Amino acid sequence: MPPRVAVLVFPGSNDDRDAAWALRALGADARLVWHAEHELPPETGAVVLPGGFSYGDYLRCGAIARSANVMDAVRRFANEGGPVLGICNGFQILCEAGLLPGVLRPNRDLEFVCRDVALRVERADTIFTRRCSDGQRLTIPVKHGEGCWFADQELYAELEASHQIVLRYAEDCNGSVGDVAGVCNDAGNVLGLMPHPEHAVDPLLGRADGALLLAALVDAAREHAPASAAADSTTGQASPSAVGAAQGLRGDGSGRALAE
Amino acid sequence: MLVRPKAGILDPQGEAVGGSLRKLGFAVGGARVGRLIDLEVEAASAEDARTQVERMCQELLANPLIESVEIEVQE
């Protein structure tokens, strides 16, 4: 049975379908979950908060979504160690919900940044980056107006000391403190990043480095919900081509995989 | 209540507004842009109303990492 990944949908989410498409191509059973739900689907192994403009970015981006029904379920899931990935607006929501440190602010130059950016993997020992190597460069697109991650000096020093900075822009992108592109929580099971891995999973579209992160998430989902996998004797065989493709993706960043 | 970018926090919106005013010929030094929120609250006293609004600020209306808040209560 393919591992189940819940992709949340808020009013104004717009990368939910792309995220689900990419996750399915990488062997996951991706389910779209409406924000009004009180529970995640049974046997959910990972949660993705997708990009978009939930609630029109009213008040502060991500601020309104944090009080959606489904966020209580996400909080429980995260507290039990479940893997949670927030992409772009999903990152903003996780920060506002207090599940990740810092906050995303309007880009320093007030420009909407929409292009491929080079990232550096600061830690390859998280569940999200374990298909990468330390210091590896990934090319993944960003598209945001409010991606300037901020933490005050004290908080930033704490996060560096506890190795919670997972991804950095190779060069300044939006004015983020420390060029931070992605941070995780203290336990390492919640990651937020501004770049969009779901837009970089197929070499036909130019880039596939994002598949390194998403395939690792699918692995994590499989490990987090072993009961559901064990219940089915065809464990791991559900989608041979996609699973095989995901397994073929091992840190070389060469972007083969999905087209195979 | 008034929500403002904290002192020392870069305010790109304020900088854009200041720059635009200077372009129009106004002698403006700095500009900071915040947000005004009017709330109607049922409360036993002004103090009670203030306490309620402070809690709202903590939970939703402001982000203490980057914003400062001033509350004014009118009966």
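**Exercise 1.** Leaving aside its neighbours within four places in sequence, with which residues is Asp134(A) in contact? Also state where Asp134(A) sits in chain A, and decide whether Asp134(A) is buried or exposed.

*Solution.* The model is predicted.

Step 1. Once the neighbours within four places in sequence are set aside, Asp134(A) is in contact with Val121(A) and Ala124(A).

Step 2. For Val121(A), the separation along the chain is 13 residues, while its C-alpha atom and that of Asp134(A) are 5.7 Å apart.

Step 3. Asp134(A) belongs to the loop that runs between strand E6 (113–121) and strand E7 (137–144) of chain A.

Step 4. A residue is exposed if 12 or fewer other C-beta atoms lie within 10 Å of its own. Asp134(A) counts as exposed because it has 11 C-beta neighbours inside 10 Å.

**Exercise 2.** Work out the strand order of the open sheet in chain B, and find the bridge partner of Val3(B) in E3(B).

*Solution.*

Step 1. The open sheet has 3 strands in the order E2-E1-E3 (chain B), and the pairing is antiparallel.

Step 2. Strand E2 (35–36) and strand E3 (67–70) of chain B are the edge strands, as each pairs on one side only.

Step 3. Between strand E1 (residues 2–5) of chain B and E3(B), the antiparallel pairing extends over 4 bridges.

Step 4. Val3(B) has Val69(B) as its bridge partner in E3(B).

**Exercise 3.** Describe the contact between chain A and chain B, and sort the chain A side by class.

*Solution.*

Step 1. Chain A contributes 11 residues, which are in contact with 8 residues of chain B.

Step 2. The side of chain A that touches chain B consists of 5 nonpolar, 1 polar and 5 charged residues.

Notes:
Residues numbered from 1 in each chain as written. Chains lettered and ligands numbered in written order. Predicted model: local features only at pLDDT ≥ 70, side-chain atom pairs only at ≥ 80, totals over all residues. Contact = placed C-beta atoms within 7 Å. Nonpolar A, V, L, I, M, F, W, Y, C, P; charged D, E, K, R; others polar. Helix = DSSP H or I, 4+ residues; strand = E, 2+ residues; numbered from the N terminus. Buried ≥ 20, exposed ≤ 12 C-beta atoms within 10 Å, placed from the backbone. Pairing = 2+ DSSP bridges.
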